[in-house]
Amino acid sequence: MKVVAKTANEAMAEAMRQINPDVVAAYPITPATEIVQIFSSFVHDGLVDTEFIAVESEHSAMSACIGAAAAGARVMTSTSSQGLALMDEVLYIAAALRLPIVICEINRALSAPINIHCDHSDTMNVRDSGWIQIYAEDSQEAYDSVIQAMKIAEEAFLPAMVTADGFILSHAMQRIDMLEDEEVQAFIGEHKSPYNLLDIYNPITIGPLDLQDYFFEHKRQEADAMMKAPEVIKKVADEFGQKFGRKYGLVEEYRLDDAEYAIVVIGSTAGTAKDTVDMMRDKGHKVGLLRIRVFRPFPAEEIVKALKNVRVVGVMDRADGVNAYGGPVFMEVRAALYEEEKKPDVYSFVYGLGGRDVKPVDIERVFQMIMDADKGKKIDRLNYIGVRE
Amino acid sequence: MKETWKELPIGAIIKEPGSSKRFETGDWRTERPVLDPEKCIHCMFCWIYCPDSSIKVENGKMEGFLYEYCKGCGICADVCPTKAITMVREEV
């Protein structure tokens, strides 16, 4: 173990180097450009054995990744925002073909208007594509999660994306505990493929037409893999925690035990929110935080367990549903709580679009609003925080 | 009985080469061609025009249709010079 100062981009590139994938096919995009730029220098310097494929678009990047993974290779790539959107149709194919590809994703707002800063509209756009989604709170977690994701993907035979907030994490230097190369290799183990297109002794057909008589069964099978994925994710995280001391779960509870009011966040905002919770606790408010680390598969059981005894919950979404009934995290958290006899009142707060800074005062305002609502003040179900009204 | 989702191979792959031979594509036909052998002169017009190779030919003779693949387009009946082929409605 060595301590280094790295941005999330640098840390994720180092994780890729230590994983040493067989194939990386990638196209640069701000703010994730550095990941593959740094990785390509590792390829040039002979530090990895990777076949680096420079493609002309993200659509081609993911297509090349799928071909390589189907041929039995360990495969990774990196992208952000419009790049992930351009990969969209191929992401579904990677998932349905059950190929264990890992994307190092940096969260950035989708156009228009064009913007390069953080929000979660890019990964929320592909939340139902069949990919595992892990949202990192900081660069350390981004690094650790990339290593875990490779192992999770190869055990669940599902692709996985690890995301870190654009610029807030991707370009901010942080203290990182890096594992030794051998430790990473020992942890991820031998590469596992669901099948191998190049196995000439067991020829297979991939991607044939699948009509009314089989398509539904194949999608049901894919859903089953996702339903079983939480166990794999927890098992890999436990093994990681035991070996290296840093523990991760599907969700993270912060001062929730006796909390009456809670907010739910994903990504780097959790850091600011934890400080805010501490500040408000000092003032005597019974507040807490739930951070969803793994959004896909959706950890409904853990969320219900964490929130069912809270009085009011504010779900903070860094992506808008535009005209959906609240942000995506709000909708699913509220739906998960629906069957509970005793459940909190849940409100939606969309914030931080296009990198709009979220400060402790903004989070305090969310807490204040849900506390007011509890005291009988009527507030809107769907709210925007930090926008000029 | 076709396989359940629990029995199928992972990732919608097909493990058996050439299995598409067993995939019968004639099941969306609404009309089927029927041959009157008395009128057929074995000119092979139907065989030339059939877009789906669904005319059965043995020893140079027109012997009927491959209903597993025939889509019921009716081109054979249309081109037949002796009106030996009629299209009959498929009943469920």
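Biologist: How many residue pairs are in polar contact between chain A and chain B?

Modeller: In this predicted model, the count is five residue pairs, with both residues at pLDDT 80 or more. On the chain A side that touches chain B, helix α8 (residues 215-244) gives the most, with five residues. Sorted by class, that side of chain A has eleven nonpolar, three polar and six charged residues.

Biologist: What makes the meeting of Asp213(A) and Lys2(B) a salt bridge?

Modeller: Set the value against the cut-off. Their side chains come to 3.4 Å, N to O, and the rule asks for a Lys or Arg nitrogen within 4 Å of an Asp or Glu carboxyl oxygen. The pair passes, so salt bridge is the right name. Between chain A and chain B, the count is one salt bridge.

Biologist: Why is Asp213(A) called partly exposed?

Modeller: Its relative accessible area is 31%. Buried would need a value under 20% and exposed one over 50%, so Asp213(A) lands in between. Lys2(B), at 47%, is partly exposed too, because that value also falls between the two limits.

Biologist: What area is buried between chain A and chain B?

Modeller: About 1600 Å², with 66% of it from carbon and sulfur atoms. Tyr214(A), His218(A) and Gln221(A) supply 31% of what chain A buries there, more than any other three residues. If you wonder why people quote an area at all, the size of an interface is often given as the accessible area lost when the parts come together.

Biologist: How do you know that Lys71(B) and Asp52(B) meet in a salt bridge?

Modeller: Their side chains are 2.2 Å apart, N to O. That is within 4 Å, so the rule is met. Lys71(B) sits in the loop between β3 (61-65) and α2 (75-79) of chain B, and Asp52(B) in the loop between α1 (45-49) and β2 (55-58), so the pair ties together parts that are 19 residues apart in sequence.

Biologist: What makes Lys71(B) partly exposed?

Modeller: A relative accessible area of 24%. The buried label needs under 20%, so Lys71(B) misses it and counts as partly exposed. Asp52(B) has 30% and gets that label as well.

Biologist: What do the side chains of Asp177(A) and Arg246(A) meet in?

Modeller: A salt bridge, at 3.7 Å from N to O. This one links distant parts of the chain: Asp177(A) is in strand β8 (residues 174-178), while Arg246(A) is in the loop between α8 and β9 (251-254), 69 residues apart. Both Asp177(A) and Arg246(A) are buried.

Biologist: How many salt bridges lie between domain 1 of chain A and domain 2 of chain A?

Modeller: Seven. One salt bridge in chain A joins Lys234(A) to Glu302(A); at 3.4 Å, N to O, it meets the 4 Å limit. For orientation, the domain assignment gives domain 1 as 2-244 and domain 2 as 251-385.

Biologist: How do you know that domain 1 of chain A and domain 2 of chain A are in contact?

Modeller: Contact asks for heavy atoms within 4.5 Å, and 28 residues of domain 1 meet that test with 26 residues of domain 2. Together the two domains bury about 2000 Å², 54% of it on carbon and sulfur atoms. The C-alpha centres of the two domains lie 28 Å apart.

Technical notes: Residues numbered from 1 in each chain as written. Chains lettered and ligands numbered in written order. Predicted model: local features only at pLDDT ≥ 70, side-chain atom pairs only at ≥ 80, totals over all residues. Heavy atoms only, no water. Buried area = accessible area lost by both parts, 1.4 Å probe. Polar contact = N/O pair within 3.5 Å; in protein donor to acceptor, adjacent residues only side chain to side chain. Helix = DSSP H or I, 4+ residues; strand = E, 2+ residues; numbered from the N terminus. Nonpolar A, V, L, I, M, F, W, Y, C, P; charged D, E, K, R; others polar. Buried < 20%, exposed > 50% of the residue type's maximum accessible area, 1.4 Å probe, protein only. Domains from an automatic or database assignment.
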